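Please examine the sequence and the structure shown below. The paragraphs that follow lead through the chain step by step.

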Amino acid sequence: MAENRIINCHRGYTAKQNAQKEYTYTPKDGCCKLHVFNWLGDLPTNKVYDLFEVRFKNTHKGFYRNVNGLQLEKGDIIAVEAATGHDIGIVSCSGPLVELQIRHSRIKPDYEFKKIYRKAKPADIDKWQEVIAREHGIMIRSRQIAAELKLDMKIGDVEFQGDGTKAIFYYIADERVDFRELIKVFAEEFRIRIEMRQIGARQEAGLIGGIGVCGRELCCAQWMSEFMSVNTGSARVQELSLNPQKLAGQCSKLKCCLNYEVAVYVDAQKDFPEIKNPLETLDGTFFWQKTDVLKRLMWFSSDPQLPVNLTAVSIDRVKEIIELNRQGKKPDDLADENTVLSATTTDFISSAGEDSITRFDKNEKKPKRHNPKNHRKGNHHHRRHEYRGEHKHNNNPKRSNDAKT
């Protein structure tokens, strides 16, 4: 019997079925963005930690107390306390790192943690897999019901509770939505308890996934579980063009990666001088146009409005000219020789652009065109070949010479 293998990246596990149709579950941290590396796991400690971090689906996770003293390890499938009934989750973190995770989640010290009941039994796992199989179909049907009720909302995902008595519907909406009629229809249609949970456009992009303009998987779908606010100030600091089409991601919001290098640019710009007045030289007056932060160059133009005759000047040279202008002096030239060389030197040359990308393609032979001249010439040679053949077999040289003439 071929091995039946199931990979659930939304919950972070791999299931394998043997010949007896029994499943064995192993954690798969590589494809689950809620994976936590326990970098404190090897430290010796005498303290007993009864708090565990448990993950469920996508970005849903929580902290639970091991009141029964169970021997739990990372990757164990357990049954935990829920508002009604029980839920099934996977242990993602244990030990002293859990306390740091709780502090990072800003949970108050007097918070009452829910309990861990037991390790999941085969019957619990079978029920869990049964309700997981229903999630996609119910999500499609719930979208149809919302459209029939003409509600301005979009349901992005559905997450069932482990015992199948409750489901969380994640939705996105720009305005407030009246769910009273919708919840009644859902309860009659699906026969479960309903919980509506609103998410933002970034969370929805993380649920759906996709490929970004960089060619890699979306950060929100791969590893990001918390989202920071992004504004156009991050683009201005990095001297980026304020083009909404280029700055927006697939969620129609500003790209999260705009915040990745802001600190580097802010630190690099601390040494740049503030240009309040144009630079005065004997050659003329020059106005600041743009800045190359990483190359530590500032570009100046002779026209205050148009970027014409741009000249790259190092920040040290700019500081020197500013100091000379304060003293009422004017240097001979705007840029020194070293600055001009650094501005015109190319740092990187791609070998991919030196040759044509189609150089390895097979050249299809074009069919030869019919040329009437070549056709007549070929017939002439053919007739001459036949004539020479007759001459070869002719025994009368005089007759052959007459025929030749």
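**Confidence and overall make-up**

Among the elements of the chain, strand β8 (residues 114–119) has the highest mean pLDDT, 94, while helix α12 (residues 397–404) has the lowest, 45. These values matter to the reader as the model is a predicted one. Over residues 348–354 the pLDDT is below 50, and this stretch has 1 contact in the model beyond near neighbours in sequence. The pLDDT also stays under 50 over residues 377–405, for which the model has 5 contacts beyond four places in sequence. For the chain as a whole, the mean pLDDT is 80, and 79% of the residues reach 70 or more.

The chain contains 12 helices and 15 strands. Of its 405 residues, 34% are buried. The accessible surface comes to about 27,700 Å², and carbon and sulfur atoms account for 49% of that area. If one takes the contacts with a separation of 6 or more, 56% of them join residues that are 24 or more positions apart.

**The nonpolar cores**

The interior may be considered next. In soluble globular proteins, nonpolar side chains tend to be buried together. In this model, the largest nonpolar core has 21 residues, of which Met153, Ile155, Val158, Phe169, Phe186 and Met196 touch the most other members. At least two residues of this core come from each of α2 (122–148), β9 (154–160), β10 (166–172), α3 (180–190) and β11 (193–198). The largest share, 5 residues, is supplied by α2.

Which residues does Met196 touch, not counting residues up to four places away in sequence? They are Met153, Phe169, Tyr171, Phe179, Leu182, Ile183 and Phe186. Apart from this core lies another, of 15 residues, among them Phe272, Leu279, Ile321 and Ile322.

**Aromatic rings**

A search of the whole structure finds 7 aromatic pairs. In one of these, the rings of Phe169 and Phe186 have their centres 4.9 Å apart and their planes at 25°; because planes under 30 degrees apart count as stacked, this pair is stacked. Phe169 lies in strand β10 and Phe186 in helix α3, so the pair ties together parts that are 17 residues apart in sequence. Phe169 has a relative accessibility of 0% and therefore counts as buried. Phe186 is likewise buried, with a relative accessible area of 0%.

Another pair, formed by Trp223 and Tyr260, is tilted, with 6.3 Å from centre to centre and 40° between the planes. This pair links distant parts of the chain: Trp223 is in the loop between α5 (219–222) and α6 (232–237), and Tyr260, 37 residues apart from it, is in the loop between α7 (244–247) and α8 (262–268). Why does Trp223 count as partly exposed? The relative accessible area of Trp223 is 46%, and partly exposed residues fall between the limits of 20% and 50%. Tyr260, with a relative accessible area of 40%, is partly exposed as well.

Ring pairs also link Phe169, Phe186 and Phe190 into a cluster. Elsewhere, a charged residue meets a ring: Lys290 lies over the face of Trp299, at 5.2 Å from the ring centre.

**Three individual residues**

His86 is found in strand β7 (residues 86–93). Is His86 buried or exposed? Its relative accessibility is 18%, so His86 counts as buried. Not counting residues up to four places away in sequence, His86 touches Ala79, Val80, Tyr117, Arg118, Asp124, Gln161, Gly162 and Asp163.

Leu70 lies in the loop between β5 (61–65) and β6 (77–81). At 26% relative accessibility, Leu70 counts as partly exposed. Beyond its neighbours within four places in sequence, Leu70 is in contact with Ile116, Tyr117, Arg118 and Lys119. The C-alpha atoms of Leu70 and Asp50 are separated by 9.1 Å, and the two residues are 20 residues apart along the chain.

Leu254 lies in the loop between α7 and α8. Its contacts, leaving aside neighbours within four places in sequence, are with Arg202, Val230, Asn231, Thr232, Leu247 and Ala248. One of these partners, Asn231, is 23 residues apart from Leu254 in sequence, and their C-alpha atoms are 7.1 Å apart in space.

Note on methods. Residues numbered from 1 in each chain as written. Heavy atoms only, no water. Core = buried A, V, L, I, M, F, W, Y, C linked by side-chain atoms within 4.5 Å. Buried < 20%, exposed > 50% of the residue type's maximum accessible area, 1.4 Å probe, protein only. Helix = DSSP H or I, 4+ residues; strand = E, 2+ residues; numbered from the N terminus. Contact = heavy atoms within 4.5 Å. Phe/Tyr/Trp six-rings, centres within 6.5 Å; stacked < 30°, edge-to-face > 60°. Lys NZ or Arg CZ within 6 Å of the ring centre and 35° of its normal. Areas by Shrake-Rupley, 256 points an atom, 1.4 Å probe, with all protein chains shown as cover. pLDDT = per-residue confidence, 0-100.
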